[in-house]
Amino acid sequence: MSSDVIAIQTAEAAGRPWIQTLHEWVTTVDHKRLGVLYILYALFFLVIGGIEATIIRIQLMRPHNDFVSPQVFNRMFTMHGTTMIFFVAMPILFGFGNYLVPLMIGARDMAFPRLNAFSFWLTAFGGLLLYFSFLGGNGLYGAGNAPDVGWWAYAPLASRAFSPGHSSDYWTIALLASGFGSIGTAINIIATIVSMRCPGMKLSRMPLLAWLNLVMSGMVLLAITPLSAAQLMLLVDRYLGGHFFDTQAGGSATLWMHFFWIFGHPEVYVLIIPCFAFASEIIPVFSRKPIFGYPVMVGATVCIAFVSMSVWAHHMFTIGMNSYANSFFTITTMAVGVPTGIKIFNWLGTMWGGKIQFKTPMLFCIGFLFQFLIAGLTGIMLASSPFDWQLSGSYFVVAHFHYVIVGGILFALFGAFYYWYPKITGRMLNEGLGKLHFWLFLIGFHVTFDLMHIPGLLGMPRRIYTYEPGRGWDTLNFLVTIGAFVQGIATLVFVANLVVSYFKGAKAGNDPWDAWTLEWSVSSPPPVYNFASLPTVASRRPLWDLKHPEDPDSRYE
Amino acid sequence: MSAIATPLPKTPAAWKLPYRGKVGMACLIFAESAIFTIFVVAYLYYVGKSLSGPTPGEVLETPIFYTICLLSSSLTIHFAGELLARGRRGAFLLFWLLTITLGALFLYGTGQEWQRLIYEHGLTISTNLFGTTYYSLVGLHAFHVSAGLIMLSIVLLFGLAGRVGPEQSARVDVLSLYWHFVDAVWVVVFTVVYVLGR
């Protein structure tokens with residue numbers, strides 16, 4: 001490496017005034033710094049969203065509780081959902097995409113570095129607007145401050161008549177701003193992957209992470225835009241007196257539901273596909289085997305992207321669609337399970353016969369595999385419309401989608417943190433704390449979300465402020481809250497690990513995991529320019545080829 | 001470690017990837033199409049559902065002349081791009097100016113129609129569902145025409161300053177891709193609003 005490093009970094013080492021460092025971070029267009037900004041920004045909101053979840057759980061801990069008022073409770077679940085999806089999950093996944101995609105395809109930066117910075121700051125501004133509503137949402141009406149219309153803001157809840165003041169406006173504009181940010185980043189990722197690959201990096205040799213980010217970005221273009229369009233319509237309704245969702249003037253509340261879920265369901269796949277990408281990079285490295293069925297993995301992902309665009313109305317079985325629509329959306333929803341199942345079998349196939357190393361990233365990925373499978377199975381249950389008629393709007397649904405988002409997405413994300421933290425900071429995360437984090441979080445997760453299915457089956461509706469004692473929900477709700485606290489403690493262990501390891505962690509070196517993709521060929525943290533000379537690749541595992549010149553992969557392609 | 005960073009020796013003979021500007025614009029067009037689709041769906045869904053007048057059949061007049069203006073501007077911008085690639089700057093500027101003029105004429109036409117609807121027929125965005133969906137859809141398109149005109153004018157200013165030459169041809173092509181998209185959307189909006197919607 002030494003011969004290839006240009007001596008720019010030595011100049012940075014000298015102590016500079018902090019204001020200069022801050023200025024550099026704020027004005028940066030470097031994909032790695034923007035990636036880190038995305039991730040830090042999302043972690044900040046993860047803590048806020050987590051606090052909101054804790055408030056919800058304390059309120060529901062026992063019957064007839066009045067820890068917060070009903071109005072505050074409504075705001076908490078609205079803000080929790082909105083924050084976690086738009087200001088935690090999206091930015092954190094874009095952050096990893098931003099950081100990793102150029103490094104993995106051998107590029108020096110994204111295709112449009114300034115658009116990249118613009119997208120980040122737009123997203124950041126969106127989050128700021130959403131939380132400013134706590135101060136500015138009152139308007140002239142003395143109405144409630146923060147949004148309290150639920151994260152999907154069904155019509156007519158979000159109309160002027162039922163949501164006076166400005167809280168819904170902050171919600172709308174925050175989502176519009178962050179939505180445009182997401183579209184900008186998606187365009188950037190696609191242009192980077194299509195136009196910036198290093199010589200030899202054919203599409204068939206691209207790391208799966210890049211492939212899956214490409215598919216995810218394509219979905220963002222098609223899924224976020226309907227939400228933006230619907231938000232524009234809502235603004236027309238609220239500010240210009242339009243009638244899009246005004247039932248008294250012939251408008252339709254159902255249309256909002258359709259528009260929202262045309263965004264809402266593909267959004268789940270927008271979030272889970274980058275997590276598939278993490279698993280597809282981590283599992284092979286810690287099984288010491290190349291990924292099983294690479295072309296099938298790519299094909300299955302594209303297939304998921306296509307099918308998931310036509311499943312949205314399974315969120316709407318209970319509104320009274322006709323039987324053809326119900327059957328159609330039941331079938332398509334079940335069909336998504338097929339390519340997803342293919343992926344799960346391929347990950348298992350990768351592990352099968354491998355020399356599995358149970359390091360923390362691998363533990364989280366194994367947790368992801370099992371939990372995502374269960375989440376998928378309850379998804380198949382809910383896909384069947386008669387079953388959904390019974391359980392739609394119950395805690396069973398809440399348990400199901402938290403199983404996807406926490407058990408699937410968050411576990412894979414934690415795996416990604418442990419795997420790429422050494423590359424980003426140059427230090428290893430502490431393995432002992434990592435294992436503690438894993439087991440605590442695993443226990444907390446299962447106590448909370450396994451048990452949460454049961455009150456749902458027993459008839460507990462979601463979003464209720466409180467409930468009567470003696471319905472069989474009391475003990476379960478108490479335990480669910482205890483599990484939430486265990487998860488909170490585990491998250492604190494994680495944050496402590498991030499901070500302590502940054503200063504005290506073992507030096508990582510270029511390639512601590514003996515991995516095979518290009519990001520591990522450069523120093524940790526990578527130099528500003530990524531690659532002193534652009535690499536040339538001849539197979540899917542360029543570093544394997546370099547480490548094993550006697551038996552390179554390229555021989556078999 | 002130098003072994004790792006040093007690339008493998010053999011570089012593939014030809015390694016040419018698509019121009020990133022074109023890819024980016026194609027993606028933007030893809031995303032914008034989804035936004036327009038939602039507005040078109042809303043328009044079609046609400047056709048004939050207004051509880052009060054005026055209805056499209058009573059008040060809409062087909063803007064044939066202005067439609068011809070907008071569609072022919074696609075042709076002029078295409079010629080402008082070809083002329084620039086061949087290095088004929090003067091002719092390029094002429095066709096570019098023609099494109100802007102045609103686009104501005106179209107926008108004037110939209111403005112005139114809106115004025116007629118508002119002052120003669122009392123149709124505003126809050127009158128009924130037709131008003132809401134009509135002004136939103138046509139307005140969204142007019143907004144895109146305006147954004148396009150601003151970008152075209154910036155290129156014109158640079159061109160008049162002598163800064164646009166054949167080396168900028170690829171970038172100009174990206175902008176003309178956007179303009180073609182705006183025209184194509186008008187074909188859809190025209191069909192939906194003035195043909196199917198009446």
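A residue counts as buried here if 20 or more other C-beta atoms lie within 10 Å of its own. Keep that in mind. This is a predicted model, and we will look at chain A, then chain B, then the place where they touch.

Chain A, then. How many of its residues are buried? Of 557 residues, 53% count as buried. Now the secondary structure. Chain A has 16 helices and 0 strands.

How is chain A laid out in space? Take the C-alpha atoms along the principal axes. They fill a box of roughly 70 × 50 × 45 Å. Next, the radius of gyration. A compact globule with 557 residues would come out near 24 Å. Chain A has 24 Å, so the value agrees with that of a compact globule.

Look at contacts along the sequence. Consider pairs in chain A at least 6 residues apart. Of those contacts, 81% join residues at least 24 apart.

One helix in chain A is worth a check. Helix 14 covers residues 431-457, which is 27 residues. Why should it span 39 Å? Because each residue adds 1.5 Å, and the count to use is one less than the number of residues. The end C-alpha atoms of helix 14 are 39 Å apart, so the two figures agree. After helix 14 of chain A comes A:Gly459. Its phi is positive, near 105 degrees.

On to chain B. What does its pattern look like? Read along the sequence, it goes α-α-α-α-α-α-α. That is 7 helices and 0 strands.

Try the globule test again. A compact globule of 198 residues would have a radius of gyration near 16 Å. Chain B has 22 Å instead. Its C-alpha trace spans about 75 × 45 × 25 Å along the principal axes. As for burial, 35% of the 198 residues in chain B are buried. And the contacts? Again, take pairs at least 6 apart in sequence. In chain B, 83% of those contacts join residues at least 24 apart.

Last part: the two chains together. How many residues are in contact? 35 residues of chain B meet 45 residues of chain A. Which helices of chain B are involved? Helix 1 (2-5), helix 2 (20-45) and helix 6 (129-160) each supply at least two residues to the side that touches chain A. Helix 2 of chain B gives the most, with 13 residues. What kinds of residue make up that side of chain B? There are 25 nonpolar, 8 polar and 2 charged.

Conventions
Residues numbered from 1 in each chain as written. Chains lettered and ligands numbered in written order. Predicted model: local features only at pLDDT ≥ 70, side-chain atom pairs only at ≥ 80, totals over all residues. Contact = placed C-beta atoms within 7 Å. Helix = DSSP H or I, 4+ residues; strand = E, 2+ residues; numbered from the N terminus. Nonpolar A, V, L, I, M, F, W, Y, C, P; charged D, E, K, R; others polar. Rg over C-alpha atoms; globule rule 2.2 N^0.38 Å. Buried ≥ 20, exposed ≤ 12 C-beta atoms within 10 Å, placed from the backbone.
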